[in-house]
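Student: Please give me a close look at a single part of this structure, and follow the neighbours of that part outward as far as they help the picture.

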Amino acid sequence: WEPLSRAAVEAGATLAFGRSVDCVPAFENADVVLAIESDAISGAPGHLAFARAFAARRQAAESGRGSMSRVYAIESTPTLIGAAADHRFVLKPAEIETVLRAIAAAVGAGPADWRDGGQPAWIDAVARDLDAHRGAVLVHAGPEQPATVHAMAQAINAALDAPGRTIRY
């Protein structure tokens with residue numbers, strides 16, 4: 001990660017948790033993944049382990065060892081997760097925060113007034129799917145996203161009891 005990108009990740013975690021933390025996603029336990037310009041399986045620290053866990057869940061149904069995870073990708077720039085996604089939504093960079101605010105509000109991770117009614121209809125379907133899989137939902141934002149997007153991703157993860165660990169410093 002570039003230093004400026006890492007700074008946004010750290011600032012977002014501080015907004016969400018009140019202090020500096022690292023959040024380690026558990027892709028192996030996620031039935032539904034919402035990736036926001038996420039490079040978690042291709043360039044983030046720990047990406048090899050994340051890629052293995054992600055691939056194992058995507059192949060689980062084929063091998064009879066469980067169910068395949070479902071992936072939603074919201075991005076303006078193509079990512080590896082986006083290429084593998086079941087549903088990929090291409091947005092302008094300036095639209096990502098507004099859409100994530102609407103999803104956060106729909107799942108109880110943000111105030112209701114974050115929904116303005118003018119967002120795409122697919123937001124409701126994504127929010128319903130996330131809400132239906134509480135405890136097995138993982139939201140990951142890429143390092144190029146601003147601190148507010150990282151904070152909202154963490155708020156959604158917390159509201160939906162996402163699998164993973166939070167390492168506090």
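Tutor: A crossing of two helices is called left-handed if the near helix is turned anticlockwise from the far one by less than a right angle, and right-handed if it is turned clockwise. The model is predicted, so that local features need pLDDT (the predictor's confidence in each residue, from 0 to 100) of at least 70 and side-chain atom pairs count only at pLDDT 80 or more, while totals for chains, interfaces and linings use all residues. Residues are numbered from 1 along each chain as its sequence is written, and side-chain values use heavy atoms, with hydrogens and water left out. The protein has a mean pLDDT of 84, with 80% of its residues at 70 or more.

The part I choose is helix α4, residues 93–106 (helices are DSSP runs of H or I with at least four residues, strands runs of E with at least two, numbered from the N terminus). The buried residues of α4 are Ile 96, Val 99, Leu 100, Ala 102, Ile 103, Ala 104 and Ala 105, where buried means under 20% relative accessible area, exposed over 50%, and partly exposed in between (1.4 Å probe, protein chains only). The cover over these buried residues includes β2, β3, α5 and α6.

Consider α5 (residues 122–132), whose axis comes within 9 Å of that of α4 and crosses it at roughly 45 degrees. That angle makes α4 oblique to α5, and the crossing is right-handed. Axes here are lines fitted to C-alpha atoms, for helices over the stretch in contact, and angles run from 0 to 180 degrees between N-to-C directions; under 35 degrees counts as roughly parallel, over 145 as roughly antiparallel, 65 to 115 as roughly perpendicular, and the rest as oblique. Val 99, Ala 102, Ile 103 and Ala 106 of α4 meet Trp 122, Ile 123, Val 126, Ala 127 and Leu 130 of α5, contact being heavy atoms within 4.5 Å.

With α6 (147–159) the arrangement is as follows: the axes of α4 and α6 lie 10 Å apart at an angle of about 20 degrees, and the two helices are therefore roughly parallel, while α4 passes α6 in a left-handed crossing. From α4, Glu 97, Leu 100, Arg 101, Ile 103 and Ala 104 meet Thr 148, Val 149, Met 152, Ala 153 and Ile 156 of α6. Ile 103 thus meets residues in α5 and in α6. Just after α4, Gly 108 takes a positive phi of about 85 degrees.

Among the covering strands, β2 (residues 32–36) pairs with β5 in the parallel sense over five bridges, at least two DSSP bridges being needed for a pair, and Ile 36 of β2 stands opposite Ala 141 of β5. In β5 (residues 137–141), five of five residues are buried, with Val 137, Val 139 and Ala 141 on one side and Leu 138 and His 140 on the other.

Glu 37 lies in the loop between β2 and α2 (47–63) and counts as buried because its relative accessibility is 5%. Its phi is near 45 degrees, a positive value in a residue other than glycine; most residues other than glycine have a negative phi. The C-alpha atom of Glu 37 is separated by 7.8 Å from that of Pro 78, 41 residues apart along the chain. Pro 78, in the loop between β3 (70–75) and α3 (80–84), is exposed, with a relative accessible area of 65%.
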